[in-house]
Amino acid sequence: MASVLIWAALFYVLLQQARSQICGTGSTDCKCLWTDPKTSNSYTLDISNLLKYPYIVKDDYNQYYEYTPCATIPCGVPTATPSNVCQKSVAQPTVYQYNCGFGPVWNVNNSTYYIIKYTGGTGGRATTVTFIGGNTPTSVTKVTEVTKLYSFTVNFPVASSSGRDVSGFVGFILISLIFVAFVAYFVAGAVIMYNKGARGIEMIPNIGFWKDLPFLIKDGGLFVLSPCLGQKFSYTKM
């Protein structure tokens with residue numbers, strides 16, 4: 001039974017890793033260009049303006065954390081090293097700074113749930129920051145601190161749980177409806193004209209208008225462009 005549970009847990013981990021995606025070309029430390037493997041929809045996961053950086057997270061141990069995902073800051077006493085997450089003491093007499101990780105690695109599950117991990121900190125320290133989108137205001141919570149491993153959660157509001165841009169779909173629907181309306185107009189008109197005895201090109205409804213349309217477009221263009229060309233355009237008297 002134990003071996004079955006171990007294999008099930010291993011399969012779940014491998015499945016989650018398969019769903020996770022590395023950011024595409026053009027990504028930065030605080031922006032990930034990601035394509036959903038299931039839908040092929042592309043997303044820009046940008047945390048550069050999500051918080052005011054450096055963002056300060058305090059806890060109950062007379063210390064706080066500075067989080068700067070878009071650029072590293074010097075962290076450490078007496079020797080400072082580049083850091084994205086820096087742990088600092090609040091006041092005297094104990095003064096310390098620990099680099100809690102740098103060099104972000106993104107792990108994306110979907111457009112509203114992704115994890116950024118920072119490693120290589122002082123004494124092997126590492127930090128995991130989980131971003132969760134929903135209907136709540138932006139907030140940051142320190143979750144755990146266990147043997148030099150730190151975990152934070154950032155909740156942020158999203159306009160839509162799907163995160164999809166539907167403008168292109170709406171445009172496609174409108175164009176399709178216009179096309180169908182034109183086809184219906186010509187087909188119905190041709191049937192009516194046929195029943196009236198018209199044949200050939202005369203079956204096109206309002207054939208006179210369609211014959212004159214190129215000349216009407218030409219006249220409209222000349223009327224609009226004539227001031228730019230220094231010419232005076234006038235209609236022919238009937």
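How do β1 and β2 pair, and over how many bridges? The two strands pair in the antiparallel sense, over five bridges; strands are here DSSP runs of type E of at least two residues, and helices runs of H or I of at least four residues, numbered from the N terminus. Two strands count as paired if DSSP finds at least two bridges between them.

This is a predicted model, in which local features need pLDDT of at least 70 and side-chain atom pairs count only at pLDDT 80 or more, while totals for chains, interfaces and linings use all residues. Residues are numbered from 1 along each chain as its sequence is written, and side-chain values use heavy atoms, with hydrogens and water left out.

**Overall composition**

The protein chain contains three helices and 13 strands. Of its 238 residues, 26% count as buried, where buried means under 20% relative accessible area, exposed over 50%, and partly exposed in between (1.4 Å probe, protein chains only). The chain exposes about 16,000 Å², and carbon and sulfur atoms supply 65% of this area; accessible areas come from the Shrake-Rupley method with a 1.4 Å probe, and for residues only the protein chains shown count as cover. Among contacts with a separation of 6 or more, residues 24 or more positions apart account for 34%, a contact being heavy atoms within 4.5 Å.

**The β1-β2 hairpin and the nonpolar core**

β1 and β2 form a hairpin with six residues between them, and serine 40 in the turn has a positive phi of about 65°. Lysine 31 stands opposite aspartate 46 in β2. Side chains alternate along β2: Tyr43 and Leu45 are buried and point to one face, whereas Ser42, Thr44 and Asp46 point to the other and are not buried.

Leu45 is also among the residues with the most contacts inside the largest nonpolar core, together with Ile47, Tyr67, Trp106, Tyr114 and Phe131; this core has 25 residues. Such a core is a set of buried Ala, Val, Leu, Ile, Met, Phe, Trp, Tyr and Cys residues joined through side-chain atoms within 4.5 Å. The elements that give two or more residues to the core are β1 (31-35), β2 (42-46), β4 (63-67), β9 (102-110), β10 (113-119), β11 (126-134) and β13 (149-157). β13 gives the most, with four residues.

**Two open sheets**

An open sheet of five strands has the order β9-β10-β11-β13-β12, with mixed pairing. Its edge strands are β9 and β12 (139-146), each of which pairs on one side only. The twist averages 20° from one strand to the next; axes are lines fitted to C-alpha atoms, for helices over the stretch in contact, and angles run from 0 to 180 degrees between N-to-C directions. Within this sheet, β11 and β13 pair in the parallel sense over nine bridges, and the bridge partner of glycine 134 in β13 is proline 157. Serine 151, also in β13, counts as buried because its relative accessibility is 17%. Not counting residues up to four places away in sequence, serine 151 touches Thr128, Thr141, Lys142, Val143 and Thr144.

The other open sheet has four strands in the order β3-β4-β7-β8, with antiparallel pairing. β3 (55-58) and β8 (97-99) stand at the edges with a single partner strand each, so one side of each is left without a neighbour in the sheet. Strand β7 (residues 85-89) pairs with β8 over three bridges in the antiparallel sense, and lysine 88 has glutamine 97 in β8 as its bridge partner.

**Serine 83**

Serine 83 lies in strand β6 (residues 81-83) and counts as buried because its relative accessibility is 0%. Its C-alpha atom is separated by 4.9 Å from that of phenylalanine 102, 19 residues apart along the chain. Residues touched by serine 83, not counting those up to four places away in sequence, include Thr68, Cys75, Cys100 and Phe102.

**Backbone features in loops**

Most residues other than glycine have a negative phi, and most peptide bonds are trans. The table lists departures from this pattern in loops.

| Residue | Backbone feature | Loop |
|---|---|---|
| Proline 54 | cis bond from tyrosine 53, omega near 0° | between β2 and β3 |
| Asparagine 62 | positive phi of about 60° | between β3 and β4 |
| Proline 78 | cis bond with valine 77, omega about 5° | between β5 (73-75) and β6 |
| Lysine 148 | positive phi near 70° | between β12 and β13 |

Asparagine 62 is partly exposed, with a relative accessible area of 48%. Lysine 148 likewise counts as partly exposed, at 39% relative accessibility.
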